[in-house]
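Biologist: Can you walk me through this one? I would like to start with the packing and then move on to the strands.

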Amino acid sequence: MVLLVPELTFLTGLSDLRNNSRTLKEVMWEMVQSPQQHYQRLTGLLRRIQDTPDARRELERWGLCLDTDIYKTQAHVLPGERINLRHRSFLPAEDLGWHREVTKEVPIATISINSWLLIYPKRLQHLAKELLAAMRSSCGSMGMQVGQPTAHELRDDRIESYVRGIQSSLGSQDKVQLLLCIIPGGRDDVYGAIKKLCCVQTPVPSQVINAHSLMGHPGKIRSVVQKVLLQINCKLGGQLWGVDIPL
């Protein structure tokens, strides 16, 4: 047994943030900051070190000297790259994102989903219906066609149930383009088992959706479904967008 004195120990790392949305938002705010914010925080730290006698003496003892500003060098700003879809081209916004454009326009090449499987546990039946409705309503503007899936409802959400359900469904279908599974939130073990089965044992393109991402207002579900459709299109061999960078 190892006994630690609380006053002499420090907590390192982060606990499981998935159950604490407020802490997760604070961490993300710290991580996702603009270059100007990074610069202000770094120069502020340098000034604090310079203005603190103890810190300054410690640096002098080591023979170190910190400038009050970070190193500056001549930079080159690249021009914005044009994004090409099937029927139009555009320059991305300042945040360099173009999710809005690719979900309202037709990608360069799309794959129709005609033969696919939808697997979910019984208690998530309502989410499966909402997911399918959102996919059918969103696919048209993205130039995709989503046919009616072969649904397989599981009695529970155990790993064994998913594995047996997938094997049974794949065994009864001649050609399956895609396997889409809805799993409960926080079940990395189920996700790993599904991917091992679909990537190694019975190769088939697969998409796994966390049930938590489908919970909320309709706008959130629609946004998640649009991103899922883009992923599926890529996995089936489609092409979302291109750029004009020469060889």
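**Core and sheet**

Modeller: The model is predicted. Its largest nonpolar core has 34 residues, and the members that touch the most others are Trp116, Leu131, Met135, Leu180 and Ile182.

Biologist: Which elements each supply at least two residues of this core?

Modeller: Those are β3, α5, β5 and α8, the last spanning 218–235. Helix α8 gives the most, with 7 residues.

Biologist: Is there another core, and how many residues does it have?

Modeller: Another core lies apart from that one and has 16 residues, including Leu117, Leu154, Leu197 and Val204.

Biologist: Back to Trp116. What does it touch, leaving out residues up to four places away in sequence?

Modeller: Trp116 is in contact with Leu132, Met135, Val146, Gly147, Gln148, Pro149, Thr150, Val176, Leu178 and Leu180.

Biologist: Now the sheet. What is the strand order, and is the pairing parallel or antiparallel?

Modeller: The order is β4-β3-β5-β6, an open sheet of 4 strands with parallel pairing. Strands β4 (150–154) and β6 are the edges, each pairing on one side only. On average, neighbouring strands are turned by 15 degrees against each other, direction ignored.

Biologist: How many bridges between β5 and β6?

Modeller: There are 5, in the parallel sense, with β5 covering residues 178–183. Cys181 is the residue that stands opposite Val208 in β6.

Biologist: Which strands does helix α5 touch?

Modeller: Helix α5 (residues 125–138) packs on the sheet and touches β3 (116–121), β4, β5 and β6. The direction of α5 makes about 150 degrees with that of β3.

Biologist: And where does α7 lie?

Modeller: Helix α7, residues 188–201, lies across β5 and β6 and runs at about 170 degrees to β6.

Biologist: One residue in β6, then: Ser206. Buried or exposed?

Modeller: Ser206, in strand β6 (residues 206–210), has a relative accessible area of 5%. The cut-off for buried is under 20%, so Ser206 counts as buried.

Biologist: What does the side chain of Ser206 make a polar contact with?

Modeller: With the side chain of Lys195, at 3.0 Å. Lys195 is also among the residues Ser206 touches, along with Leu178, Leu179, Cys198 and Lys235, not counting residues up to four places away in sequence.

Biologist: Changing topic, what does the domain assignment give?

Modeller: The assignment gives domain 1 as 24–69 and domain 2 as 101–243. Taken over C-alpha atoms, the centres of domain 1 and domain 2 are separated by 46 Å.

Technical notes:
Residues numbered from 1 in each chain as written. Predicted model: local features only at pLDDT ≥ 70, side-chain atom pairs only at ≥ 80, totals over all residues. Heavy atoms only, no water. Buried < 20%, exposed > 50% of the residue type's maximum accessible area, 1.4 Å probe, protein only. Polar contact = N/O pair within 3.5 Å; in protein donor to acceptor, adjacent residues only side chain to side chain. Contact = heavy atoms within 4.5 Å. Pairing = 2+ DSSP bridges. Axes fitted to C-alpha atoms, helices over the stretch in contact; angles between N-to-C directions. Domains from an automatic or database assignment. Core = buried A, V, L, I, M, F, W, Y, C linked by side-chain atoms within 4.5 Å.
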